[in-house]
Every structure is written in C-alpha cells, then in structure tokens.
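User: Could you take a close look at one part of this structure for me? I would like to see how a single helix sits in its surroundings, and then how that part fits into the rest of the chain.

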Amino acid sequence: MVSNVATDEELRVGVFVCDCGLNIAGAVDTAAVAEYAETLPDVTCVVRNKYTCADPGQNEIKDAVRQHNLNRVVVASCTPRQHEPTFRQCVYEAGLNPYLMEMANLREHCSWVHPDDRDGATAKAKDLVASAVARARFLQAQEEMSVPVSQRALVIGGGIAGIEAALEMAEAGHKVTLVEKTPSIGGVMAQLDKTYPTMDCSI
Ligand code: SF4
C-alpha cells in the first residue's frame, strides 16, 4: 500500500467498471478491464456494474465505500460531462469529499469509437482506467466557496480580436476596459486598405 504524495494518507481506491448494458460491454471486455484494475497500485476493491449511474449502481458504490473504507473512487463509465456531478454527489452521500472521485471514459473513448476492434478497445480501456487510478492517487479534498464577482472585464490588446471581444462583452452588460500599447487601436487590420470579398475599407 502506497501513501498519498501530499498527505501521507494510506490510499484505498475503489474502481467501478460500468457495462452501460451493451453500450460499453458490447465492444469492451469489461470483465477483463475489472480484472486488470485489481492489479493496479492502491486498488482495494473493484466492482463491475451493469448501469453505474442507476440507483442500484450508485448503491454499490456507497456500500463499497463504507465496507472497504475507500478514500478514492474511480468510475470507469462515460463522459464526465454527463455524470461527474452524479458520482460526486454519490460519493458525498457515502461520506467522502466529492472531489475524491475520478472518471475514465470507456464509452465515448473506447466502445463508441472502436466498435469493431474489441481487443483494441479493451486495451485502451485498461490504459484509461490505469490513468484514472494514477490521477485519483493525487486527488485532494476540496471545499467549495462562493465569492462576489465584479462584472468588469479587462481586454489587453486593441487589435480586431480585442475590439470585437470588448464590444461583445459591453453588449452583454459588462463594464469593459480596453488597453492598447500603441497610440491607436485596430492592429494589423488598420494597416489594410480594403478587405476581401466586399472590398470595404478595413476600419
Ligand atoms: S454511468 Fe454512463 S456509461 Fe454507465 S450506465 Fe450510466 S450513462 Fe451508461
């Protein structure tokens, strides 16, 4: 068992491999991925779920966290864009800090893009799980906080991109300060005579 680099805390990682029905299991050998996950450093328990995001799958995560005293969780399932909030809430309800959860994307990055290459998709899934476990070993608990935000923007550079950005933000209701180091704004655009295809004056 190896300690967390930053805290000297003994690491106990749980890995949860999702079949997503046949969405993942149809193209990835999830049993082999789960078996491989058992060999990774600091992995204490591995569970294969049919649908990890469904209530039974989430309950398996919560049970394993309590039963094995896990302090890091890796969910090998789909894109974090879809279910990162789901699994953060899940581990929070199990008593863990929600930021001690990491994901590996076996669906979009393996089964969906390599549907006709089961061996290749499975090998890639193993690599993604190993990477997620490695990242999880460096995770630190985070606290969320709210701070007042001033709705003001500073745009540095008065070329065409800076001007456009400043105008867009001003139209969205923000107070904008545009800073340009030369005596005039416009950048390269200001040096052009006409612009294609309308041949209008560039400024
Ligand atoms: S967690 Fe993602 S991959 Fe797993 S069943 Fe739910 S949607 Fe499918």
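Please look at helix H2 (residues 30–37): which of its residues are buried, and what covers them?

Analyst: Happy to walk through it, starting with the helix and moving outward. Please keep in mind that this is a predicted model.

The buried residues of H2, which runs over residues 30–37, are Thr-30, Val-33, Tyr-36 and Ala-37. Because they cover an arc of only 120° around the axis, they lie on the same side of H2. The cover over these buried residues includes three strands, E1 (13–18), E2 (43–49) and E3 (72–77), and it also includes the helices H1 (22–25) and H6 (118–136).

The loop that links H2 to E2 holds Asp-42. Asp-42 is not a glycine, yet its phi is positive, at about 70°. For context, most residues other than glycine have a negative phi. Asp-42 counts as partly exposed, because it has 18 C-beta neighbours inside 10 Å.

Going on into strand E2, we come to Cys-45. Cys-45 also counts as partly exposed, because 18 C-beta neighbours fall inside 10 Å. Leaving out residues up to four places away in sequence, Cys-45 touches Gly-14, Ala-64, His-68 and Leu-70. A further pair to look at is Cys-45 and Phe-16: they are 29 residues apart along the chain, and their C-alpha atoms are separated by 8.5 Å.

Two other elements from the cover of H2, E1 and H1, are joined by a loop, and Cys-20 lies in that loop. Cys-20 is another residue other than glycine with a positive phi, near 50°. Cys-20 is buried, because 20 other C-beta atoms lie within 10 Å, and 20 is the count from which a residue is called buried. Cys-20 is also one of the residues around the ligand. The others in that list are Cys-18, Asn-23, Ile-24, Tyr-51, Thr-52, Cys-53, Ser-77, Cys-78, His-83 and Arg-107. Sorted by class, this shell has six nonpolar, four polar and one charged residues.

Now for the wider setting. The domain assignment gives domain 1 as 13–136 and domain 2 as 152–201. Taken over C-alpha atoms, the centres of the two domains are separated by 47 Å. The chain has seven helices and eight strands. Its radius of gyration is 25 Å, well over the 17 Å that the globule rule gives for 203 residues, so the chain is more spread out than a compact globule. The C-alpha trace spans about 70 × 45 × 30 Å along its principal axes. Of the 203 residues in the chain, 31% are buried. Among contacts between residues at least 6 apart in sequence, 64% join residues at least 24 apart.

One last backbone detail is in the loop between strand E7 (194–195) and strand E8 (200–201), where Pro-197 has its place. The peptide bond from Tyr-196 to Pro-197 is cis, with omega near 5°. As a general background, most peptide bonds are trans.

To come back to your helix: the buried residues of H2 sit on the same side, and strands E1, E2 and E3 are among the elements that cover them.

Terms used: Residues numbered from 1 in each chain as written. Predicted model: local features only at pLDDT ≥ 70, side-chain atom pairs only at ≥ 80, totals over all residues. Buried ≥ 20, exposed ≤ 12 C-beta atoms within 10 Å, placed from the backbone. Helix = DSSP H or I, 4+ residues; strand = E, 2+ residues; numbered from the N terminus. Arc of directions from axis to C-beta. Contact = placed C-beta atoms within 7 Å. Domains from an automatic or database assignment. Near = placed C-beta within 6 Å. Nonpolar A, V, L, I, M, F, W, Y, C, P; charged D, E, K, R; others polar. Rg over C-alpha atoms; globule rule 2.2 N^0.38 Å.
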